[in-house]
Each structure stands twice: as structure tokens, then as C-alpha cells.
Amino acid sequence: MDSPYSKELQVAIGAIQSAAKLSQAVISIDDKGVIEKDDLSPVTVADFAIQALLTATIHHAFPDDRFVGEESAADLRNNPVLLERVWELLQRLKADEAESLCKLPKSPEEMCEMIDWCGFGEPGGESAGRVWVFDPIDGTKTFVRREAYAINVALLQGSKQVLSIVGCPTISVDAKAPVTNTSLDPTGQGCIAFAAKGHGTYVRPLVTTPPHEVKPRRIEPHAESELPQALRPVSCYNMLDSGVDDVHQLVNEKLNIENPGCDLLAWVLRWVTLGIGLANMTVWVYKKRSRTGKIWDHAGAMLLFEEVGGKITDVDGKPIDLGVGRKMTANHGFVAAPRAMHAKVLHTVQQVLREQGKEHLLG
């Protein structure tokens, strides 16, 4: 890809490749150091270690940039045993650091500090500079079952997406739909999907030997056609209590969609399937207007679909605002579809909500 973000891409891809080594080391053991956060979602030693790795590596290359990430280091500071496990996990990458593929924190104290740069970071508004957004393990619930997950790295400029790099250890570069939580890349390579604003979406192997043989494949802009096209959905079916499953099902029925398509827990992976052409539509309505998305589950990854022509709004038809904070409180839900089909999908979503007496979920 010929873009002004070539250095950023190089650094982020190297960091994700190292991060995948950590995640795969943890996924293979039974005790993943799982703890439960206040919102009842799980976090593992891999989440902490990868967030520290990504921050240290990118801070070394771009010292003036800021960070937002899912985790904070409070649990590590309160649990010396967990802290030691995370620190020891990072030490597995000493060889990578020696080859300048990544950078590691110099001490457990610096590791916690870097994790907190993300854990207390804010994206800022239009006047914000460069902010990196990380989700070290998106899909922790499936990760702990040795199923699908993603490592999300995004760069925002003035709260706008300019770069997306997503590591997908379980999805192959030539994956075929439908992809589910239990789908695994038979080659063991996985893939990295990446995009730069205005320069398209690409996919390449995650694991490569040697690196210079890699030839990223540009994804055809499958969602930019002005002509109607068949809708191929991706969603998370009957696994999350945050969404209105009956509404999602009725929307598919009204749009004459018979095949449920890809079924994935991790939001980042849903955006990846849209970006690389395994799906071209997703709808998500939260059960309450007070429920919102979190920036690390969506920032950057949405760009993968937009760069192949997709259009993304919330259920009210408003553009997605990534500048309001760690929680995306300016928007409710998501409607994503090919450019020529988005208005029809959005109308159907709103129609179903009104017919089901759920007008309160519309703005």
C-alpha cells in the first residue's frame, strides 16, 4: 500500500505479529489468568500483556502520540501474582525486541504505567491530535474457549479513523463465508486486515517466513456499487444479552435474507468480515438507549468496511462519532450495508422497531 502511513503500518504490523505470539502462548494453556471486570466481561493475562506491548512499541516509534485502550492496571497493582504472570509473559518476546520487531516496558512499574496511559486515555474531539486505540483481545469470552478473537489497533486523527490494523489469528487470508466463532485457519497462519483512509483495504498473512515474501492482497470495493446487491449478514446470534435478537431476526426476514451468514462474538471480527468481503451487512440494536458501544471495539475496524464502499450509521441514521469519549454515547446501535442498500436496511430496522412497539429505542 502506497500511503502516508507506511511507517505506522510497518510498526503496527510488527507489534501485532508479536502480540499474536503472546496470545497464542496463553490460548494453549488451561489457566489463562482470567479475572472478571465490573461489567462482568472477562480479562486475561494476555489482554494486559498485549496492551503493554502495543503501547511500548508504538510509543517508541511515535513518542508524541496518545493512547486509548480497554484495560487499566488497577488489578495488576492489587494482585502481585497476576502482575508477575503478565511481566513473565512479556519476557517471552525478548528475542523479538532484540530484532527490533517490538519494544517492551523496562520494568513492571513501567508496564503498569503504559497500560494506564491507555486505560485512562480519551480520544478527544476534532481538535485532538493522533490517538491510537487498542483492543488487545477482542472476544475474550471466545478466546478463553480457544475460539475466535482479534487484536485491534487503530489510529485516529482529530477523532477520525485514518488507519486500521487488525490481527486475526483464526481467520485465513482466503477464508470463505460463513465464518463462526469456532472457525480456525487450517494453515495456522491467520491474517492481518488493514486499511488507510483513502487507500483501500488489504489482507495479508499474520504469520510469515520470511517477511519479504509477503504480498498483501487488495480487497475489491465490493460494497461501493450503486446497484442493488444480495445482502450477506454478519452478527452475533443468541450469545449476547445486550442486543434485541428478535428485532435482528425480523429485519433479516423483511429483507428476504434466508442465510444467517457469519456468526461472531467479537465486534472487531464482524467489521473484518465486512471489510474482506465475507459479509456486507450488519445490524445491531441495543436493548436500552443507555447501552452504547465502546470505542476499542469499533475504531479503525469500521474503516475496513468503509474503504470497500460500505456505509455505517447508527439506528437513527447518524454518522458514528468516535470523539465523544471511551463510550460512544452519541450513537445507538449500528447499521452497516453497501452504499446503495444502506437506506433500505436502515428503513427496515426503524420499521421493525416501530411495529414491535420499541420506538423508545429510536432517537
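User: Is Asn238 buried or exposed?

Analyst: Three classes help here: buried means under 20% relative accessible area, exposed means over 50%, and partly exposed lies in between (1.4 Å probe, protein chains only). In this predicted model, Asn238 has 68% relative accessibility, so it counts as exposed. Asn238 sits in the loop between strand E10 (234-235) and helix H8 (245-254). Helices (H or I, at least four residues) and strands (E, at least two) are DSSP runs, numbered from the N terminus.

User: What should I know about the numbering and the model before going on?

Analyst: Residues count from 1 along each chain as its sequence is written, and side-chain values use heavy atoms, without hydrogens and water. Since the model is predicted, local features need pLDDT of at least 70 and side-chain atom pairs count only at pLDDT 80 or more, while totals for chains, interfaces and linings use all residues.

User: What is the phi of Asn238?

Analyst: Start with the general habit: most residues other than glycine have a negative phi, and most peptide bonds are trans. Asn238 has a positive phi, near 55 degrees, and is not a glycine. Arg146, also a residue other than glycine, has a positive phi near 65 degrees. You can find Arg146 in the loop between helix H7 (140-143) and strand E5 (150-157). Its relative accessibility is 40%, so Arg146 counts as partly exposed.

User: Where is there a cis peptide bond?

Analyst: Look at Ala177 and Pro178: the bond joining them is cis, with omega about 0 degrees. Pro178 belongs to the loop between strand E6 (160-168) and strand E7 (191-196). Pro178 is also touched by Gly261, as is Pro233, leaving aside residues up to four places away in sequence. A contact means heavy atoms within 4.5 Å. Gly261 itself is in the loop between H8 and strand E11 (262-263). From Gly261 to Asn79 the distance is 42 Å, C-alpha to C-alpha, with their places 182 residues apart in the sequence.

User: How many residues of helix H9 are buried?

Analyst: For a whole helix, count its buried residues: H9 (residues 267-275) has 9 of 9 buried, so you can call it mostly covered. Among them are Trp267, Arg270, Trp271 and Gly275. After H9 comes Gly277, with a positive phi near 90 degrees.

User: Which residues does Trp267 touch?

Analyst: Not counting residues up to four places away in sequence, its contacts are Asp138, Thr282, Trp284, Tyr286, Asp297, His298 and Phe334. Trp267 has a relative accessible area of 7%, so it is buried. Its C-alpha atom and that of Cys112 are separated by 26 Å, and the two residues are 155 apart along the chain.

User: How do I read strand pairing, and with which strand does E12 pair?

Analyst: Two strands pair if DSSP finds at least two bridges between them. Strand E12 (residues 282-284) pairs with E14 in the antiparallel sense over 3 bridges, and Thr282 has Ala336 of E14 as its bridge partner. Strand E13 (residues 310-313) also runs antiparallel to E14, joined by 4 bridges, with Lys311 opposite Ala337. In strand E14 (residues 334-338), 5 of the 5 residues are buried, so the rest of the structure largely encloses it.

User: In what order do the 7 strands of the open sheet stand?

Analyst: The order is E3-E4-E5-E6-E7-E8-E9, and the pairing is mixed. An edge strand pairs on one side only, and here those are strand E3 (66-69) and strand E9 (217-218). E9 pairs with strand E8 (residues 201-205), antiparallel, over 2 bridges; Val203 has Arg217 in E9 as its bridge partner.

User: Finally, how many helices and strands does the protein have?

Analyst: There are 11 helices and 14 strands. The radius of gyration, taken over C-alpha atoms, is compared with a globule rule of 2.2 Å times the number of residues to the power 0.38. Here it is 19 Å, close to the 21 Å that the rule gives for 363 residues, so the protein is as compact as a globular protein of that length. The C-alpha trace spans about 55 × 45 × 45 Å along its principal axes, and 58% of the 363 residues count as buried. Of the contacts between residues at least 6 apart in sequence, 73% join residues at least 24 apart.
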